[in-house]
Amino acid sequence: MSQATAPPAVVALSGLTKSFSGTRALKGVDLELRGGEIHALCGENGAGKSTLIQMLGGAQRPDSGTIAIDGRPARFAGPAGALARGIAVIHQELAVVDAMTVAENLALGDEPRFGPWLRRGAMAASARRKLDELGFAIDPNARVGSLPIGARQQVEIARALGRDVRVLVLDEPTAALSRAEADRLFDILRDLRARGIAILYVSHHLDEVFALADRITVLRDGARVGSWPATETSLAEVVAHMVGEAVDVRDRPAREATGPARLQVRGLAGGSLRGLDLEVAPGEVVGLTGLAGAGHEDVAPLLFGAARPTGGDVVWDGRPYRPGHPAEAARLGVAMVPADRRGQGLIPPQGVLENLTLASYPDLARAGWLPRGAQKGMAREWSERFEVASAGLSQKVLTLSGGNQQKVLLARWAARNPELFILNEPTRGIDVKTREAIHRWIDGLAESGRCVLLITSDAQEMARLADRCLIVRGGMVARDLKPPDITEHAIVAAVVEG
């Protein structure tokens with residue numbers, strides 16, 4: 001869309017600044033969102049994207065600068081105030097209510113009533129229509145907490161798109177979606193653009209950005225680097241603007257297992273699994289992927305003792321393996337990084353110190369006591385090894401950027417030196433530079449003879465890391481891809497076929 005034909009801005013941000021505890025998160029940022037335009041916002045974790053989104057959605061107020069709607073200054077008392085002005089935000093961390101049904105979540109705040117009574121039938125019918133329009137195969141009467149993370153993300157998207165909005169802000173909206181589901185979302189966003197809605201699309205997946213965006217803005221270190229029509233820049237240029245330096249994206253060398261399989265899974269059932277088989281040998285990365293609900297999301301909690309299997313046999317290091325609790329799995333040399341780092345991985349009220357050393361308490365304890373000096377020493381060592389950017393070990397973990405939160409989780413388990421790493425969406429919502437650093441770390445695990453089970457919906461990540469790629473469909477392995485067939489195109493085709 002050329003500057004000459006561009007419509008006027010629906011929302012204009014001018015000179016926004018924001019500081020937290022003396023750290024400047026935003027440094028005079030300008031941004032315009034125009035009706036009928038998809039505007040992509042890119043930048044590393046910690047670049048200021050989340051702070052800008054919070055201001056636009058009414059969750060934070062700027063220290064200085066203005067937000068204008070249709071040319072008139074606007075101030076929001078909170079998220080409800082922003083929504084009342086036609087601005088809806090889908091945050092990266094889900095805001096659904098797990099204890100409620102899908103229909104109740106979609107109608108939350110606008111429930112159909114007959115006098116004092118809820119019209120549950122009308123609520124379910126309305127939810128069914130919304131979900132069908134989006135192509136989301138979810139039961140309106142299901143409890144949201146019982147759904148896999150991909151389906152919960154779909155509920156969040158459906159709720160936002162069900163509102164009458166002028167500006168739609170999406171923060172990593174495809175992080176939990178399969179490629180087919182993401183493609184459906186893209187079609188919806190293009191339809192919304194055609195209806196004149198202004199869309200701010202925040203994503204680390206630059207292929208998505210270039211497939212969707214009319215305009216791209218890059219933030220770095222809290223400042224706006226620049227804005228460009230998508231047709232007048234390139235992926236390499238955007239990455240260079242984001243990181244300020246070239247990123248090494250060389251393909252890894254071919255790998256072979258260094259011994260017989262140490263993890264053997266036969267007929268594993270539980271959740272959506274109906275009989276899954278897999279093996280992982282030392283020195284290899286075995287990948288699992290599939291559409292949301294296919295069952296691959298259930299493998300990690302079943303193998304780590306966070307959920308009980310209903311069938312199947314698992315052998316680890318030649319012995320039957322069925323841990324009754326994650327602590328037992330950890331004692332047996334198994335580590336698991338969950339897909340939902342905030343809800344299932346981190347301890348929100350605690351700092352970097354407690355979160356990083358949590359799995360090592362049994363190693364650190366002396367006669368029932370936890371020596372504070374040893375705990376701090378371990379946390380400091382592994383925080384430095386993983387280059388966790390924080391104000392100190394006491395900083396609350398949820399105040400870190402998403403990439404640094406993920407580094408804390410990875411460091412937590414690396415410190416224990418386990419033999420089997422189960423990594424569930426290890427780079428979800430992570431910036432380009434940190435993503436590549438984590439990929440190199442995973443390569444290093446395999447090269448050192450560790451067993452790695454990689455569960456990811458990211459076909460590029462799978463093609464980059466996996467030595468074998470298992471496609472899960474209907475709770476079972478439907479395809480087993482091996483080099484040279486582990487390409488992004490082959491993975492996507494295998495996932496969506498049938």
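**Close-up views of a predicted model**

**View 1. Helix α5, checked for length and surroundings.** At 1.5 Å a residue, the 13 residues of helix α5 (residues 149-161) ought to cover 18 Å, and the C-alpha atoms at its two ends do sit 18 Å apart, so expectation and model agree. Keep in mind throughout that this is a predicted model. Is the helix out in the open or enclosed? Count the buried residues: 13 of the 13 in α5 are buried, so the rest of the structure largely encloses it.

**View 2. An open sheet of 6 strands.** Read across the sheet and you get the order β18-β19-β20-β15-β21-β22, with mixed pairing. At the edges are β18 (334-337) and β22 (476-481), each of which pairs on one side only. Step from one strand to the next and the twist averages 20 degrees. As a reminder, strands of a sheet pair through backbone hydrogen bonds, and they can do so parallel or antiparallel.

**View 3. Zooming in on β19 and β20.** Here strand β19 (residues 420-424) and strand β20 (residues 451-455) run parallel, joined by 5 bridges. Which residue of β20 is the bridge partner of Phe-421? That would be Val-452.

**View 4. Two helices lying across the strands.** Helix α15 (residues 402-414) lies across β18 and β19, and runs at about 175 degrees to β18. Helix α16 (residues 432-447) lies across β15 (284-289), β19 and β20, and its angle to β19 is about 155 degrees.

**View 5. Phe-304 meets Trp-413.** The structure has 5 aromatic pairs. One of them brings together Phe-304 and Trp-413, edge-to-face, with 5.6 Å from centre to centre and 90 degrees between the planes. How many residues apart are these partners along the chain? They are 109 residues apart, so to speak a link between distant parts of the chain: Phe-304 belongs to the loop between α9 (299-303) and β16 (311-316), while Trp-413 belongs to helix α15. Phe-304 and Trp-413 are both buried.

**View 6. Trp-382 and its company.** The ring centres of Trp-382 and Phe-386 are 6.3 Å apart and their planes meet at 40 degrees, so this pair counts as tilted. Trp-382 is buried, and Phe-386 is too. These residues belong to one aromatic cluster, made up of Trp-382, Phe-386, Phe-421 and Trp-441. We already met Phe-421 as the bridge partner of Val-452 in β20. Look for Arg-385 as well: its charged end sits over the ring of Trp-382, 4.1 Å from the ring's centre.

How values were computed. Residues numbered from 1 in each chain as written. Predicted model: local features only at pLDDT ≥ 70, side-chain atom pairs only at ≥ 80, totals over all residues. Heavy atoms only, no water. Helix = DSSP H or I, 4+ residues; strand = E, 2+ residues; numbered from the N terminus. Expected span 1.5 Å × (residues − 1). Buried < 20%, exposed > 50% of the residue type's maximum accessible area, 1.4 Å probe, protein only. Pairing = 2+ DSSP bridges. Axes fitted to C-alpha atoms, helices over the stretch in contact; angles between N-to-C directions. Contact = heavy atoms within 4.5 Å. Phe/Tyr/Trp six-rings, centres within 6.5 Å; stacked < 30°, edge-to-face > 60°. Lys NZ or Arg CZ within 6 Å of the ring centre and 35° of its normal.
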